[in-house]
Amino acid sequence: MEFLPLFASIKESACLVVGGGAIATRKAALLARAGGRIRMVAPEVCASARDVVEQSGGEIRLKEFEEGDLDGVALVVAATDNVQLNAIVSDAAKRQRLLVNVVDQPALCTFVFPSIIDRDPVMVAISSSGASPVLARLLRARIETLVPASYGRLANLAGRYRKRVAELFPDVNQRRGFWESILSGPVAEMVFAGKERQAESALSQALDARQDARQQGSTPMGEVYLVGAGPGDPELLTFRALRLMQQADVVLYDRLVSPEVLDLVRRDAERIHVGKERDNHTLPQSGINQLLVDLARQGRRVCRLKGGDPFIFGRGGEEIETLADQGVPFQVVPGITAASGCASYAGIPLTHRDYSQSVRFITGHLKDGTINLDWPKLAGDHQTLVFYMGLVGLPVICERLQAHGMSADTPVALVQQGTTRHQRVVIGTLATISAMVAERQIKAPTLTIIGEVVNLHERLQWFQPSLGDGAD
Ligand code: SAH
């Protein structure tokens, strides 16, 4: 992290602005909006700067900058067109451990001004750490459209009830749950529609209802979200997955969930890692099922994040069976399964009018050194086979398919860590792939795609986002 984002109070504090032109005026105006008193130092100062300084209760010093101008200030902005002078100001400020910003010279700054979306008291600040202010502004424009103009009024309403809500819900999770139901529900909609009085009475009623429930001694039941996290690239999450990930109090995840996806979980949610390395289950399946039930009974909103799609080789069915038996409310959010993600990112269509009229998702998990599958059916033509969990069993899979009549030339793709930055694709045939894989250092998870469609990879891969090392 190049800069630490924080929101500072500069009310009543002297802020030094060196320079008296248009840019200096803009910075001074911003500091003044946050209550700073501007001390402007420059041999000449434009008329609008004078107004800003005067309204802030500050002072103008019509002269060149000297070190003494730093006395008693909270922070410093150098906004002159003299590069040398800017450097002198920056050095002097740093010597006195004052925060300093030099306009358009990130190397001389100890703080930068972010792009802001002002919904006072709500502020959204965006920074590219000086790398690309234009990119930060573009992002700001996108976020502007997402944050209703009346967000500030909603925040003010919440602010008025903050104390009462804190008294009623001493438990931080319950308090958060209450606020989320208010701030993303009908009360918020009323504020956005300009019906603030109505919103306030709805909020007050909701509080009364909770108070009654409290007096009757009932703990509200939480719920479980069984969420498909996709194969790795966070852009492949669904909107619903993201919303629930940001709403959950606690998240249970396993090895297949990529760090980039996990990063999108709400910052202060509790994270529980529940396995599973191959043959090294951190928590047995029955333990996971029960943990989901127990957490929900404590009134928590539990997100069970699973790689890919929860219902494809994910044991999602077993988890919700327990929930259903125990009367815990749940919802299931589908995800992009590894076969879809890996196939698109490797440029391999899973079906194709000319080469493959069906696709099968198969588990290639070895049991006692063999895989018990209907090999004659799998060895048929014009279909695509996708093996999950098939790395260890790859030699057996290739041997069995050939033994049942599939041509040794049938193309095979092994996709490692598909859709992530570490994606690698190894292309071979039923006869060659096992040896090719044995020669390379392949990292789990991997997916094996078998069928004529794999040949399209060469032509189609270039249209995919460029990822890691790409194909071998
Ligand atoms: N529910 C998951 C599958 C879980 S089984 C889904 O729908 O994708 C675990 C297997 O999925 C792994 O052994 C591997 O074969 C496959 N897999 C999951 N993510 C993958 C990825 N990013 N790249 C390649 N294979 C992946």
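**A short note on the ligand site and its surroundings**

1. A good place to start is the ligand: one of its oxygen atoms is 2.8 Å from a polar backbone atom of Ala338. Please keep in mind as you look around that this is a predicted model.

2. Two further polar contacts are worth finding on screen. The side chain of Thr337 places an N or O atom 2.6 Å from an oxygen atom of the ligand. At Ile312 the backbone takes part, with an N or O atom lying 2.6 Å from a ligand nitrogen.

3. How much of the ligand does the protein bury? Of the 540 Å² that the ligand exposes when taken alone, 92% is buried by the protein. Helix H13 (338-346) and strand E17 (446-450) are the elements that give two or more residues to the shell around the ligand.

4. The ligand has 18 residues around it, and those that come nearest are Pro231, Asp309, Ile312, Thr337 and Thr446.

5. Stepping back to the whole chain, the domain assignment lists four stretches: domain 1 (14-113), domain 2 (151-215), domain 3 (223-336) and domain 4 (340-471). Measuring tools in your viewer can help with the next value: the centres of domain 1 and domain 2, taken over C-alpha atoms, are 42 Å apart.

6. Finally, have a look at the surface. Phe313, Val359, Phe361 and Met389 make a nonpolar patch of about 320 Å². Within this group, Val359 sits in strand E13 (residues 358-363). Why can Val359 count towards a surface patch? Patch residues need over 30% relative accessible area, and Val359 qualifies because its value is 33%, which makes it partly exposed.

Methods
Residues are numbered from 1 along each chain as its sequence is written. This is a predicted model: local features need pLDDT of at least 70, side-chain atom pairs count only at pLDDT 80 or more; totals for chains, interfaces and linings use all residues. Side-chain values use heavy atoms; hydrogens and water are left out. Patches are made of residues with over 30% relative accessible area and no salt bridge: like charges are joined within 9 Å, nonpolar side chains (Val, Leu, Ile, Met, Phe, Trp, Tyr) within 5 Å. Accessible areas come from the Shrake-Rupley method with a 1.4 Å probe; for residues, only the protein chains shown count as cover. A salt bridge is a side-chain nitrogen of Lys or Arg within 4 Å of a carboxyl oxygen of Asp or Glu. Helices (H or I, at least four residues) and strands (E, at least two) are DSSP runs, numbered from the N terminus. Buried means under 20% relative accessible area, exposed over 50%, partly exposed in between (1.4 Å probe, protein chains only). Domain bounds come from an automatic or database domain assignment. A residue is near a molecule or strand if one of its heavy atoms lies within 4 Å of it. A polar contact is a pair of N or O atoms within 3.5 Å; within protein, one must be able to donate a hydrogen and the other to accept it, and residues adjacent in sequence count only if both atoms are side-chain atoms.
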